[in-house]
Amino acid sequence: MIQLVRGFKDILPEELSLWQYIEKKAISLFSAFGYKEIRLPLLEKSALFARSIGEGTDIVEKEMYSFIDRNEEWLTLRPEATASVVRAYIQHKMYATEPLRKLFTIGPMFRRERPQKGRYRQFYQIGVEAFGSASPLLDAQMIYMPMLFLSRLGVKDVKVHVNSLGCEECRPIYKEKLLSFINTKEAQLCPDCQRRKEVNPLRVLDCKVLSCKEAIVGVPDVLGSLCGACDTHFKIVLEILSRQKVPFEISPSLVRGLDYYTRTAFEIQTDLLGAQSAIAGGGRYDGLVSALGGPSTPAIGFAFGLDRLAEVVSQYQTILPLGLDVFIAALGEKSQGKAFDWLCELAKQGFTVEMDFDGRSLKSQMKQADRLNARFALIIGEEELSQGAVIFRNMETKEQISISTQEVVQVIADTISFK
Ligand code: HAM
């Protein structure tokens with residue numbers, strides 16, 4: 001038997017009820033804040049990711065699913081959505097129509113990481129991005145919103161880790177300081193970091209190798225190198241978060257795994273997922289739109305990992321799959337034909353409805369109705385049908401009444417309230 005690819009997974013209907021619940025809540029909350037959904041292709045030109053996420057990152061160096069297309073062009077299954085959203089923002093000249101463009105997107109991402117609990121090679125994200133404002137108010141909104149979302153989902157015990165990575169003015173000065181420090185520890189660094197420290201020394205701060213973690217103990221603090229404007233910006237963000245009672249912690253070593261961040265960078269972490277503690281991450285990327293060929297445009301966003309989020313939410317609440325409104329049990333061929341007509345009519349009106357197609361016994365049809373968690377059953381017997389009546393049964397109270405075949409749809413509509 002052919003099994004699925006390692007690191008990939010099926011999401012079965014039982015699990016999907018929770019995902020749909022989360023997605024519905026996300027759409028309603030982000031829409032309330034004025035964000036609009038955008039749907040983008042899963043495949044982009046490889047250069048898009050190399051130029052945005054950064055050549056020295058693990059994602060670009062080791063994790064992308066890239067291949068040469070038949071026309072000799074390098075393509076990549078997107079490892080994240082921000083680069084694609086920026087590409088679309090520029091390509092469709094969205095900057096020309098709205099000064100502040102607010103977008104969200106939901107869908108799968110692909111990274112060839114080592115699979116483990118909470119880490120998959122195809123995983124899903126809900127990502128939110130805003131283009132056109134450098135205001136610290138927007139940074140605060142980008143942190144407040146996901147935290148509000150989590151509380152709406154009943155998730156507790158999460159913390160925002162926040163940092164500022166400076167801007168094009170002060171970051172180079174910090175990188176210099178960092179590089180001189182790292183160079184004194186060169187022998188302790190893993191081969192990857194020895195190589196990539198010259199491209200971007202910040203990558204060493206994000207390395208998971210133990211000897212690198214040890215090497216950076218006592219490293220100069222990025223917050224100590226911020227210019228006046230970045231420092232003020234960061235302080236305002238923190239002040240708003242405190243006012244909104246968002247539980248945060250300043251984490252000066254948080255640099256994130258993507259190169260495009262400027263100023264505010266953050267991660268929402270939980271202890272519930274073992275090693276994979278980040279359920280969401282994001283930050284400002286004021287230089288990315290211009291780096292990809294658009295006009296200079298400040299921007300900021302974040303993304304939730306939906307797989308991890310679903311895992312966390314399931315530890316706080318159970319979302320049962322939607323039950324059935326009506327199960328139609330039919331005995332005999334004639335009754336089955338009638339059951340089919342009613343099934344179509346009821347489904348057309350928005351009820352969830354099922355029937356048995358294979359002429360099983362009444363006992364096994366009623367068992368099936370129970371298994372499907374049906375609220376009501378319509379029982380059609382040949383004899384009753386010939387007299388113009390059917391039985392309508394409340395599956396919970398077991399009460400049943402006889403109703404005329406003329407009234408079936410009306411009685412069901414009057415009995416069951418549905419949205
Ligand atoms: P990221 O931190 O790489 O950021 O990913 C965001 C979230 O996706 C993570 O916090 C995690 O929950 C989830 N995630 C990442 N990799 C995996 C994986 N292999 N398996 C399961 N879940 C995973 C970004 O992707 C940025 N684009 C976020 C952003 C938007 N920044 C600005 N705008």
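Where in the structure is the place of S404? The answer is strand β16, which covers residues 400-404. Before going further, keep in mind that what you have here is a predicted model.

**The overall layout**

Let's step back and see how the chain is divided. The domain assignment splits the protein chain into domain 1, made of 13-170 + 226-316, and domain 2, running over 326-418. Measured out between their C-alpha centres would be the wrong phrase for a model, so put it this way: the computed distance between the C-alpha centres of domain 1 and domain 2 is 48 Å.

**Back to S404**

Is S404 buried or exposed? Neither label fits: S404 counts as partly exposed because its relative accessibility is 26%. Leaving out its neighbours within four places in sequence, S404 is in contact with G388 and A389. If you go looking for G224, 180 residues away along the chain, you'll find its C-alpha atom 81 Å from that of S404.

**Around the ligand**

Now for the ligand. There are 26 residues around it, and E80, T82, E113, E129 and Y261 come nearest. Sorted by class, this shell has eleven nonpolar, eight polar and seven charged residues. Which strands each supply at least two residues of the shell? They are β6 (122-131), β10 (278-284) and β11. The largest share comes from β10, with six residues.

Some polar atoms of the protein sit at short listed distances from ligand atoms, and a table is the easiest way to read them.

| Residue | Protein atom | Ligand atom | Distance |
|---|---|---|---|
| I279 | polar backbone atom | oxygen | 3.3 Å |
| G305 | backbone N or O atom | oxygen | 3.4 Å |
| R308 | polar side-chain atom | nitrogen | 3.5 Å |

On its own, the ligand has 660 Å² of accessible area, and the protein covers 96% of that.

**Two arginines**

R284 is worth a look next, as a residue of strand β10. This arginine counts as buried because its relative accessible area is 0%, and buried means under 20%. What does the side chain of R284 reach at 3.2 Å? That would be the backbone oxygen of S135. V162 is 122 residues from R284 along the chain, and their C-alpha atoms are separated by 12 Å.

R256, on the other hand, is found in a loop, the one between β8 (248-250) and β9 (262-270). With a relative accessible area of 11%, R256 is buried too. Its side chain and that of Y261 are joined by a polar contact of 2.9 Å, and Y261 is one of the residues that come nearest to the ligand. Not counting residues up to four places away in sequence, R256 touches a whole list of others, including R203, D206, F266 and E267. G281 and G282 are among them as well.

**A glycine in a loop**

Last stop: G294. You'll find G294 in the loop between α11 (288-291) and β11 (299-305). Why does G294 count as buried? The reason is its relative accessibility of 13%, since the buried class takes in values under 20%. Setting aside neighbours within four places in sequence, G294 is in contact with I90 and V289. Y89 is 205 residues from G294 in sequence, while the two are 8.5 Å apart in space, C-alpha to C-alpha.

Notes:
Residues are numbered from 1 along each chain as its sequence is written. This is a predicted model: local features need pLDDT of at least 70, side-chain atom pairs count only at pLDDT 80 or more; totals for chains, interfaces and linings use all residues. Side-chain values use heavy atoms; hydrogens and water are left out. Domain bounds come from an automatic or database domain assignment. Helices (H or I, at least four residues) and strands (E, at least two) are DSSP runs, numbered from the N terminus. Buried means under 20% relative accessible area, exposed over 50%, partly exposed in between (1.4 Å probe, protein chains only). Contact means heavy atoms within 4.5 Å. A residue is near a molecule or strand if one of its heavy atoms lies within 4 Å of it. A polar contact is a pair of N or O atoms within 3.5 Å; within protein, one must be able to donate a hydrogen and the other to accept it, and residues adjacent in sequence count only if both atoms are side-chain atoms. Accessible areas come from the Shrake-Rupley method with a 1.4 Å probe; for residues, only the protein chains shown count as cover. Ala, Val, Leu, Ile, Met, Phe, Trp, Tyr, Cys and Pro count as nonpolar, Asp, Glu, Lys and Arg as charged, and the others, Gly among them, as polar.
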